[in-house]
Number of protein chains: 2
Amino acid sequence: MKPKRQSAKISDVAKAAGVSQAAVSRVMRGDASFVVREETRKRITDVARELNYQPNPAARGLRTSRSLSLGIVVPELDNPIHAKIIIGAERAAAERGYSLLIAHRDDGMEETAIYERLVHRNRVDGLIVATLQDEQVGVSALKELEHPFVLVNRKARGVEHHVVINDRGGAKRAVAYLATLGHQRIAHLSGSPARYNSICRLEGYRDGLQEAGLDFDPALVVEAGYTMSGGAAAMRKLLDSAHPRPTALFASTLMVAAGAMGVLREAGVRIPQDMSIIGFNDGAIADVLAPPLTTVRTPLENMGYLAASSLINHIQDGGHFAGAMLKDIEIVERKSTSAPGG
Amino acid sequence: MKPKRQSAKISDVAKAAGVSQAAVSRVMRGDASFVVREETRKRITDVARELNYQPNPAARGLRTSRSLSLGIVVPELDNPIHAKIIIGAERAAAERGYSLLIAHRDDGMEETAIYERLVHRNRVDGLIVATLQDEQVGVSALKELEHPFVLVNRKARGVEHHVVINDRGGAKRAVAYLATLGHQRIAHLSGSPARYNSICRLEGYRDGLQEAGLDFDPALVVEAGYTMSGGAAAMRKLLDSAHPRPTALFASTLMVAAGAMGVLREAGVRIPQDMSIIGFNDGAIADVLAPPLTTVRTPLENMGYLAASSLINHIQDGGHFAGAMLKDIEIVERKSTSAPGG
DNA sequence: ATAGGTCGGTAAAACGTTTTATCGAATTGT
DNA sequence: ACAATTCGATAAAACGTTTTACCGACCTAT
């Protein structure tokens, strides 16, 4: 609780520059409708710089009823996927003079209560919803707030403002990559059939098969969820039930791939000689797996960036934002994929 | 840019309850020096609840010159270690009615500029510095701001308010664990000799050796930094130079352990039969390694929690905080450790 | 000469709280 | 019965901006 030396306020600047507060305010904010002599403008900006004047956000916020802050609500902050989204969002916010207020949804909490808190108590200017939990209740809660928001990494019925990556295209690319290597039987460990991303990736998987002229075989798709143990269980099931055994595997997340790899190792199935594996969303984990995992890299950080910056655009101009999909996708080749047999 | 329906203000509550604004304010904030009839108090709180009154933070902040926000500055947000610290800090902040404003230090940025921005522009009430970059310039910049701050996961000369985990004790435990398994030659892949945590862990390594009655052999300590490739390089060096070969290894981070494991695998050194490995700081990566890595688990989330809550205490009461070390440490046994030879 | 226009600003209200100082009514002490 | 005290409030200033409305001086065209 230091004494906190007073920072310069607008009246100090005005006095020192010999002008009114209004002049300072309008010059500092670059108000275009304000005509002023160049000399005066320079005097004001010089004095402001010298006094290190920073407008008091509380006073400004009180007057303008804007907080120049955005709230981002995330589950599992320790999941690198969300961390990357946050990094992007923070960068966009900082560039535009906004600050990012982070709210972590702990397991017990209602997500709607978090939205409510950010909007009503913190008075954020907009909400970045980085993973909607329950589409039904989440979206209707958001709409009831009558406050700008953007969905990131999710789409929802009736919500136009969203930013997603190309889950479907990325999945298709993954399958195409495997097919190009010569694989004919390509399995898929999928996520939850209720989750947007998983649905898209499953569709992309089918797209990829079709484009490669391969038949879709339901026996080659097993639901694995998002955890390592889910991946392991799904892999075991796949080894038991799919005959002939697939020669390649598209896993819907890194953790699922890791779980599958553990099971394969124990079963004596060699990677990539006996089974090629590719995972979705690149990350540090891919590097430490044995062998290092080939992945499809997606622009998660840019997704966060675009979400925040389009939200700010909307807040400032009131413009309509139609939603965006970031398409640049890249296969990161590591050691877990090869032609069938080696 | 929705029309944003007006939220209730204090005057609305006052009018509806038939009292003055002052009464509402003092009742809502639980001002103990305010005497009021129980009936009136209830009427006020009831009306406030009914109108869903939330005090406007800008107005309050303007008046009180407090923002009820904390800034946390982190590097590498996608490093799970920092993510956990943030989770803890956010929880503490939320419990105390503070919000957490996150600033990510990108590679090009001066950390001091971030401190300055958070304090001067955002007017946070306190700063959580989750990893000081350069002790010299960072600390003097922080002190110059004359603003409450806390260092987390770092100590620095002349700074009393810090929260750390027991790096040294954890390292000692790791070595003790290996010694208990029967290992006599225990190597250490260390971090940078300039970094607080690495220094502590190296000390702990020596403590552990000493307690087990083992001699310290400089040839068994190799600097590995913090990356996988650093771990790999260090491991190669160790295999070349240390004869007889150590039977166990204490790696200062998970990524370093992963790099080392890759090299060992290629060299035909079996884990744990030929080499036991233990890593510092638990995390998802430990599970996906092959074999899964035994680690020492540290209370990173609690560290973040304590940092934020002690900072808030200091802000509110002006109390002195002497610094804290969180001691609870736990070995998470997985498959990378065993008695020498199997 | 004077009406109108442009230039270069200013005065002051308003934003929604918190808090200091004050005040009337009820109670108590003498 | 009257002063003093306590109880239960209230009025109003202040916080630092932004912004609306206005103003005086100077030019310019009739």
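Is the crossing of H1(B) and H3(B) left-handed or right-handed? The crossing of H1(B) and H3(B) is right-handed (clockwise turn of the near helix from the far one by less than a right angle; anticlockwise would be left-handed).

1. This is a predicted model, in which local features need pLDDT of at least 70 and side-chain atom pairs count only at pLDDT 80 or more, while totals for chains, interfaces and linings use all residues. Residues are numbered from 1 along each chain as its sequence is written, with chains lettered from A and ligands numbered from 1 in the order in which they are written.

2. In chain B, the axes of helix H1 (residues 10–17) and helix H3 (residues 38–50) come within 9 Å and cross at roughly 125° (lines fitted to C-alpha atoms over the stretch in contact, angles from 0 to 180 degrees between N-to-C directions; helices are DSSP runs of H or I, at least four residues, numbered from the N terminus). H1(B) and H3(B) are therefore oblique to each other (not under 35, over 145, or 65 to 115 degrees).

3. H1(B) brings B:Val13, B:Ala16 and B:Ala17 to this contact, and H3(B) brings B:Arg43, B:Ile44, B:Val47 and B:Ala48 (C-beta atoms, placed from the backbone, within 7 Å).

4. DNA strand D is surrounded by 26 residues, and A:Ile10, A:Ala22, A:Ser25, A:Ala59 and B:Ser20 are the closest (C-beta atom, placed from the backbone, within 6 Å of the strand). H4(A) gives the most to this surface, with 5 residues.

5. Chain A is divided into domain 1 (10–55), domain 2 (67–165 + 301–328) and domain 3 (167–297), with bounds from an automatic or database domain assignment. The centres of domain 1 and domain 3 of chain A, taken over C-alpha atoms, are 61 Å apart.

Methods:
Helices (H or I, at least four residues) and strands (E, at least two) are DSSP runs, numbered from the N terminus. Two residues are in contact if their C-beta atoms, placed from the backbone, lie within 7 Å.
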